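Here is a short guided tour of one protein chain, written for someone meeting a structure like this early in their studies. Keep the picture beside you as you read.

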Amino acid sequence: MQVEVGAILEGKVTGITKFGAFVELPGGKTGLVHISEVASTYVKEIRDYVTENQTVKVKVLSVSDDGKVSLSMKKAEERPNRSASRGRPGSFEWHSPRSEPASFEDMMSKFKQVSEEKMSTLKRNNESRRGSRRAGGPSSR
């Protein structure tokens, strides 16, 4: 089977390294999903996302002259209609969904509320990470 750039295929993970995962494609050809192409978020440990013998959906990014196939799992999952991700960072709603215009004070109040919620979530997540590292520290003696 000829592997074409842009094709979305299913394959089986045959090997995992610290830099990516090797995927066997239909027809016996093997390609590499680089760690940066596994998920749309930062991937520190690839084994958190894939396991050997797992069937995954991949998109063919390129085929080099020497036959090496570059694959992407995250681009295979992307939707063509990405209107939901457009707009302002942090998915903050800058315009009121109501028909009447909101005052500056209303918009500022809403922005502050959303910011405080996000900051508290961020602090909570950071504290839980720090707490797990301290398990063997001086407080446990």
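Let us begin at the outside: the accessible surface of the protein chain is about 10800 Å², and carbon and sulfur atoms contribute 50% of that. Please keep in mind that this is a predicted model. Its mean pLDDT is 80, with 75% of the residues at 70 or more. Confidence peaks in β2, at a mean of 95, and is lowest in helix α2 (residues 104-133), at 79. A word of caution applies here: where pLDDT is low, the predicted coordinates should not be read in detail.

**The overall plan**

The chain contains five strands and two helices. Following the sequence from start to end, you meet them in the order β-β-β-β-β-α-α. There are 141 residues, and 21% of them count as buried. Among contacts with a separation of 6 or more, 49% join residues that lie 24 or more positions apart.

**The barrel**

How are the five strands arranged? They form a closed barrel with mixed pairing, in the order β1-β2-β3-β5-β4. Direction ignored, neighbouring strands of this sheet are turned by 50° against each other on average. As a reminder, strands of a sheet pair through backbone hydrogen bonds, either parallel or antiparallel. The table lists some of the pairs.

| Strand pair | Direction | Bridges |
|---|---|---|
| β2 and β3 | antiparallel | five bridges |
| β3 and β5 | parallel | three bridges |
| β1 and β4 | antiparallel | five bridges |
| β4 and β5 | antiparallel | four bridges |

You can also look for individual partners. Glycine 20 is bridged to histidine 34 in β3, and phenylalanine 22 stands opposite leucine 32 of β3. Leucine 32 in turn has serine 70 of β5 as a bridge partner. On another side of the story, isoleucine 8 is partnered with lysine 59 of β4, while lysine 59 stands opposite serine 72 in β5.

Two hairpins are worth finding. One is made by β2 and β3, with five residues between the strands, and glycine 27 in its turn has a positive phi of about 95°. The other is made by β4 and β5; five residues lie between these strands as well, and glycine 67 in the turn has a positive phi of about 95°.

**Two faces and a core**

In a regular strand the side chains alternate between the two faces of the sheet. Now try β3: which residues are on its covered face, and which on its uncovered one? Gly31 and Val33 make up the covered face, whereas Thr30, Leu32 and His34 make up the uncovered one.

The largest nonpolar core has 20 residues, and Leu25, Val50 and Leu71 have the most contacts inside it. The elements giving two or more residues to this core are β1 (8-17), β2, β4 and β5. Leaving aside residues up to four places away in sequence, valine 50 touches Val13, Ile16, Ala21, Val56 and Met73.

**A glutamate in a loop**

Finally, find glutamate 37, in the loop between β3 (30-34) and β4 (55-63). Is this residue buried or exposed? Its relative accessible area is 12%, under the 20% cut-off, so glutamate 37 counts as buried. Its contacts, again without residues up to four places away in sequence, are Leu61, Leu71, Ser72, Met73, Lys74 and Lys75.

Note on methods. Residues are numbered from 1 along each chain as its sequence is written. Side-chain values use heavy atoms; hydrogens and water are left out. Buried means under 20% relative accessible area, exposed over 50%, partly exposed in between (1.4 Å probe, protein chains only). Contact means heavy atoms within 4.5 Å. Accessible areas come from the Shrake-Rupley method with a 1.4 Å probe; for residues, only the protein chains shown count as cover. Two strands pair if DSSP finds at least two bridges between them. Axes are lines fitted to C-alpha atoms, for helices over the stretch in contact, and angles run from 0 to 180 degrees between N-to-C directions. pLDDT is the predictor's confidence in each residue, from 0 to 100. A nonpolar core is a set of buried Ala, Val, Leu, Ile, Met, Phe, Trp, Tyr and Cys residues joined through side-chain atoms within 4.5 Å.
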